[in-house]
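Subject: Structure handover

Hello,

Here is the structure for your own work, followed by notes on what was found in it.

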Amino acid sequence: MSGRMAERVVMVTGAGSGIGAAASLRLAEEGATVIATDIDGASAERTAAGLPGEGHLGLSHDVTSDEAWAAVFRAARAAGLKVDGLVNNAGLLSLHPIHALDIDGLQAMLQVNVVGVALGQKHAAHAMTDGGAIVNVSSVAGLVGAPMYNSYGATKGAVRAMTKGAASELGGQGIRVNSIHPGVIETPMAESGVEQLKIDPARLKRFYPLGRFGTPREVANVILFLLSDEAAFVTGAEVTVDGGLTAQ
């Protein structure tokens, strides 16, 4: 621990498991007060309860709802917390071939992956009156194409574009906005994706120059960097956390 996030308040969506839970822990280890939110409020509460330090909150949160975003920021203010960091991490993954487009799956992903991020940026922009930092969790699927990933990739490509637009617009307010693009990370969501692809994980790992999948903590370390003062001149960037997958 070095206290890189001391006296900072960071909201992390989708914090009940996976990357969100790991980011919450890593930020708290560095001194941040964390507001962990998740559609499953009980899982968010468990994440918050397990963090080092005091004052963390665990809240139920539907990121597709404008009012729900307003409510979690009201809860933060009621607890005496002024949010200066946001990790837009909540996401959905539904894979299908183009010939079998799943409209319901696409609509659900658009709501969570795109509308959720847009609303997060909106409410953060209102709250971060003294500047701050936003990290939007996209995916390598938002950078390159792959079979079965057409719809999911479209939503994550939108996150990339929104990040750059927000960085351009909010820089004058002292708000930095960056996106990260993980490859396959050892999370429940990624496990679901591998199952949907019906592919042997050992075979999939051979596509990665490092020969393995990433861990949530490895992604959390990048999120920590982008939220910290060490990245004070980094905004509008897209950072791959993919073991070299997109370097090929």
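**Nonpolar cores**

The largest nonpolar core has 28 residues, and the members touching the most others are V10, L27, V34, V87, I180, I223 and L227. At least two of its residues come from each of β1 (9-12), α1 (18-29), β2 (33-38), β5 (132-137) and α8 (216-227). Helix α8 gives the largest share, seven residues. A second core of 25 residues lies apart from this one, and its members include M11, V72, L81 and A124. Please keep in mind that the model is predicted.

To take one member of the largest core, V10 has contacts with M5, L27, A32, T33, V34, I35, G85, L86, V87 and L227, leaving out residues up to four places away in sequence. Of these partners, L27, V34, V87 and L227 are also among the core members that touch the most others.

**Helix pair α1 and α8**

Both of these helices supply residues to the largest core. How do they pack against each other? The angle between α1 and α8 is about 55 degrees, and their axes are 8 Å apart. An angle of 35 to 65 degrees is neither roughly parallel nor roughly perpendicular, so α1 and α8 are oblique to each other. Their crossing is right-handed.

On the α1 side the contact consists of G18, I19, A22, A23, L25, R26, L27 and E29, and on the α8 side of P216, R217, V219, A220, N221, I223, L224 and L227. By class, the residues of this contact are eleven nonpolar, two polar and three charged. L27, I223 and L227 belong to the contact and are also listed among the best-connected members of the largest core, in the sense of touching the most other members.

**Helix pair α4 and α5**

Helix α4 covers residues 103-127 and helix α5 covers residues 150-170; they pack at about 15 degrees with 9 Å between their axes. The cut-off for roughly parallel is an angle under 35 degrees, and α4 and α5 are therefore roughly parallel to each other. This crossing is right-handed.

Helix α4 makes the contact through L106, M109, L110, N113, V114, V117, A118, Q121 and A125, while α5 uses S151, Y152, T155, K156, A158, V159, M162, T163, A166 and L170. The residues of this contact split into 13 nonpolar, five polar and one charged.

**Loop between β5 and α5**

Two residues of this loop are worth listing: G142 and M148.

Is G142 buried or exposed? Its relative accessibility is 17%, so G142 counts as buried. Leaving out residues up to four places away in sequence, G142 touches G153, K156, G157 and R160. G142 and L57 are separated by 85 residues in sequence and by 31 Å from C-alpha to C-alpha.

M148 has a positive phi, near 80 degrees, and is not a glycine. With a relative accessibility of 25%, M148 counts as partly exposed.

**Other single residues**

E7 sits in the segment before β1. Its phi is positive, about 65 degrees, although E7 is not a glycine. At 78% relative accessibility, E7 counts as exposed.

H56 is placed in the loop between α2 (41-49) and β3 (57-60). Its relative accessible area is 15%, which means that H56 is buried. Which residues does H56 touch, not counting those up to four places away in sequence? They are A28, A32, T33, V34, A48 and L51. Of these, A32, T33 and V34 also touch V10. H56 and L110 are 54 residues apart along the chain, and 30 Å separates their C-alpha atoms.

G172 belongs to the loop between α5 and β6 (175-182). With 81% relative accessibility, G172 counts as exposed. The C-alpha atoms of G172 and R217 are 32 Å apart, with their positions 45 residues apart in sequence numbering. R217 is also one of the α8 residues in the contact with α1.

Regards

Conventions: Residues numbered from 1 in each chain as written. Predicted model: local features only at pLDDT ≥ 70, side-chain atom pairs only at ≥ 80, totals over all residues. Heavy atoms only, no water. Core = buried A, V, L, I, M, F, W, Y, C linked by side-chain atoms within 4.5 Å. Buried < 20%, exposed > 50% of the residue type's maximum accessible area, 1.4 Å probe, protein only. Helix = DSSP H or I, 4+ residues; strand = E, 2+ residues; numbered from the N terminus. Contact = heavy atoms within 4.5 Å. Axes fitted to C-alpha atoms, helices over the stretch in contact; angles between N-to-C directions. Parallel < 35°, antiparallel > 145°, perpendicular 65-115°, else oblique. Left-handed = near helix turned anticlockwise from the far one by under 90°. Nonpolar A, V, L, I, M, F, W, Y, C, P; charged D, E, K, R; others polar.
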